[in-house]
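Me: Please take a close look at one part of this model. I would like a connected account of one strand and its partners, then of the loops around them.

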Amino acid sequence: MLGQIFDAKELTQKLKATVQRTGKLGFTSETLEALHIQQGTHIRIAEDTESKRILWMGVMQEPAENAFPVNKAGDYYYVNTTKLFEKIGIDFKKKNCMYDMSRYPDYDEAIGGVCYKMQLRVTD
């Protein structure tokens with residue numbers, strides 16, 4: 001019996017966010033499109049209870065309590081997360097830090113937006 005047909009576009013997307021040397025969280029163009037990020041979008045970020053290498057991000061199209069506004073400079077969209085990354089100990093000034101992202105709809109209600117798991121990847 002035929003079951004669910006998987007969405008190849010959804011499953012092959014490489015969603016990423018990069019922590020800039022300034023501590024701002026920037027998004028690739030593919031990620032901007034997939035997450036519908038634009039000026040006026042807000043991002044809520046939560047810690048993971050089990051791993052310091054994981055964050056949870058909720059994308060909201062309206063302002064929300066405890067959410068970061070998305071800013072735009074030219075064609076570049078970013079979130080001013082410098083103090084957040086300093087607080088959780090991400091060495092963005094000396095290391096290349098990026099997050100691989102994947103959709104987690106089961107957590108939409110808990111985070112108050114469209115939820116994504118952010119898995120930290122660090123290189124020298």
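**Strand 6 and its surroundings**

Reply: In this predicted model, strand 5 (residues 68-73) pairs with strand 6. The two run antiparallel, and four bridges link them. One pairing can be named: V70 has V79, in strand 6, as its bridge partner. Strand 5 and strand 6 also make a hairpin, with two residues between them. G74 sits in that turn. Its phi is positive, about 65°.

Strand 6 (residues 76-79) has a further partner, strand 2 (residues 25-27). This pairing is antiparallel too, and two bridges hold the record of it. Here G26 lies opposite Y78 of strand 6. Strand 6 thus pairs with strand 5 and with strand 2.

As a rule, side chains in a regular strand alternate between the two faces of the sheet.

Now the loops. N66 belongs to the loop between strand 4 (54-60) and strand 5. N66 is not a glycine, yet its phi is positive, near 65°. Is N66 buried or exposed? N66 has a relative accessibility of 63%. The cut-off for exposed is over 50%, so N66 counts as exposed.

H36 is another non-glycine residue with a positive phi, here near 55°. H36 is in the loop between helix 2 (29-35) and strand 3 (42-47). With a relative accessible area of 56%, H36 is exposed, because exposed means over 50%.

How values were computed. Residues numbered from 1 in each chain as written. Predicted model: local features only at pLDDT ≥ 70, side-chain atom pairs only at ≥ 80, totals over all residues. Heavy atoms only, no water. Pairing = 2+ DSSP bridges. Buried < 20%, exposed > 50% of the residue type's maximum accessible area, 1.4 Å probe, protein only.
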